[in-house]
Amino acid sequence: MLDVVAWGELLIDFTSQSADEFGYPTMAAHPGGAPANFLAALAKFGAKTALAGKVGADAFGKLLTATLQNLGIETRGIVASPDVFTTLAFVTLDELGDREFSFARKPGADSQITFDELDLSLVEEAKVFHFGTLSLTDEPARSATRQAVAYAKEHGKLITYDPNLRKPLWSDLADAREQLLWGLKQADVVKISDEEVEFLFGASPAEGAELILNEYGVKLVFVTCGAAGCIFQNRLAKGMVPGLSGLRVVDTTGAGDIFGGSAVWRLLQTSKAPGELTEDELRSVAAFACASAGLSTTRPGGISSVPSYEEVLERMAGA
């Protein structure tokens, strides 16, 4: 039995380390992709997880698959194609560690997956089905994602969703908005950033949480606000948890995904439906996820930056 299966991209993040006198960067390669980062947190804390996605039958694809296996993430749902190259993301950082993305994805392997390539047994075995929107940017992955979500819903799975907007990957931001809103309509639990709330609704984080809960059928919403922390809301309770203070931020890549995976792990520990959690329970979930995500920013990469359970608890105790 699996706790969580995630559907979507597995890729290499190249993060800028320095630049020469002409501005050309020296870059370090890290395993990444939002669904993979999300699962890495879950796996680190002991959940049974699997990723369904597509890589190239190339050196990077093999390396990424091996990385997941080493983390204990089931990889039988990873398709390796000789016809397309593993997707690459190039991440430059400003002095605060915030990111700007460029992608080698025209097309990348992740956008070329079809529904027929999904191992349906993974969905059937899992309690939770997770997806984002990089798999909605292009066909055939867009149609495959819609079919996969429908299959998961038909089989009674808890649906978790992270819009994870990457504007450079969309040729039309109106289309991006339409696809992100479609995702909201499918989900039971949503983790969304304050920037994505602004993009979709032109609203504040608190207004966005209220709107998503009341108009899209979502049971539980987390709106992350960077270093400021997180707003949480279901129909029984709402509140805010502050982020960690005094951190030396190195790289924010994957922090939102790690928040999401950490929150879902704590949700699973409650053995309660997301809509039935009390304020104290939600505050505990959000505080753990904020601490986990915050600690991840003090080291480079996404998958490679997930802190241990003991680190998170220690930091929470000292916060």
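Helices and strands are taken here as DSSP runs, a helix having at least four residues and a strand at least two, and both are numbered from the N terminus. With that convention, serine 271 falls in the loop between H8 and H9. The model is a predicted one, and this loop is a convenient place to enter it. Serine 271 comes directly after H8, and its phi is positive, about 60°, although the residue is not a glycine. Because its relative accessibility is 70% and exposed means over 50%, serine 271 counts as exposed. Its neighbour threonine 270 still belongs to helix H8 and, at 25% relative accessibility, is partly exposed. From threonine 270 to glycine 239 the separation is 31 residues in sequence, and the C-alpha atoms lie 18 Å apart in space.

The overall fold gives the setting for these details. Ten helices and 13 strands make up the secondary structure of the protein chain. The chain has a radius of gyration of 18 Å, close to the 20 Å from the globule rule for 319 residues, so it is as compact as a globular protein of that length. The C-alpha trace extends over about 50 × 50 × 40 Å along its principal axes. Of the 319 residues, 56% are buried. Among contacts with a separation of 6 or more, 70% are between residues 24 or more positions apart.

Helix H8 itself, residues 255-270, deserves a closer look. Its 16 residues should span 22 Å at 1.5 Å a residue, and the end C-alpha atoms are 23 Å apart, which agrees. The helix is mostly covered, with twelve of its 16 residues buried. The buried set includes Ala255, Asp257, Ile258 and Phe259, and also Gly260, Gly261, Ser262, Ala263 and Val264. Trp265, Arg266 and Leu267 are buried as well.

Two of these H8 residues, Ile258 and Ser262, are touched by serine 292. Serine 292 lies in helix H9, residues 279-296, and is buried, with a relative accessible area of 0%. Leaving aside residues up to four places away in sequence, serine 292 also touches Phe45, Pro307 and Val312.

Helix H8 appears again in the internal spaces of the model. The structure holds two cavities of 30 Å³ or more. About 60 Å³ of space lies in the largest cavity, and Gly260, Ala263 and Val264 are among the residues that line it. The rest of that lining consists of Phe38, His130, Thr160, Tyr161, Val189, Val190, Lys191 and Phe222. At least two lining residues come from each of strand S9 (158-161), strand S10 (189-193) and H8. By class, the lining of the largest cavity has seven nonpolar residues, three polar and one charged.

The second largest cavity has a volume of about 40 Å³. Its lining is formed by Ala34, Pro35, Phe38, His130, Phe131, Gly132, Asp162, Asn164 and Asp257. Phe38 and His130 thus appear in the linings of both cavities. Helix H1 (34-44) and strand S8 (126-131) each supply at least two residues, and H1 gives the most, with three. Four of the lining residues are nonpolar, three polar and two charged.

Asparagine 164, one of the residues lining the second largest cavity, also has a notable backbone. Its phi is near 45°, a positive value in a residue other than glycine. Asparagine 164 sits in the loop between S9 and helix H5 (173-186) and, at 8% relative accessibility, counts as buried. Serine 271, also with a positive phi, is by contrast exposed.

Cis peptide bonds are found in two further loops. One joins lysine 106 and proline 107, with omega about -5°; proline 107 is in the loop between strand S7 (99-104) and helix H3 (120-125). Another runs from glutamate 139 to proline 140, with omega near 5°, and proline 140 is in the loop between S8 and helix H4 (141-154).

Lys106 also belongs to the lining of the second largest pocket, a space of about 200 Å³. Ser102, Phe103, Arg105, Thr137 and Asp138 contribute to this lining, as do Pro168, Leu169, Trp170, Ser171 and Asp175. The pocket lining divides into four nonpolar, three polar and four charged residues.

Technical notes. Residues numbered from 1 in each chain as written. Predicted model: local features only at pLDDT ≥ 70, side-chain atom pairs only at ≥ 80, totals over all residues. Heavy atoms only, no water. 1 Å grid on protein atoms, 1.4 Å probe; cavity = no way out; pocket = protein on both sides within 12 Å on 5 of 7 lines; lining within 4 Å. Points joined across faces, edges and corners; volume = space filled by probe spheres on them. Nonpolar A, V, L, I, M, F, W, Y, C, P; charged D, E, K, R; others polar. Expected span 1.5 Å × (residues − 1). Buried < 20%, exposed > 50% of the residue type's maximum accessible area, 1.4 Å probe, protein only. Rg over C-alpha atoms; globule rule 2.2 N^0.38 Å. Contact = heavy atoms within 4.5 Å.
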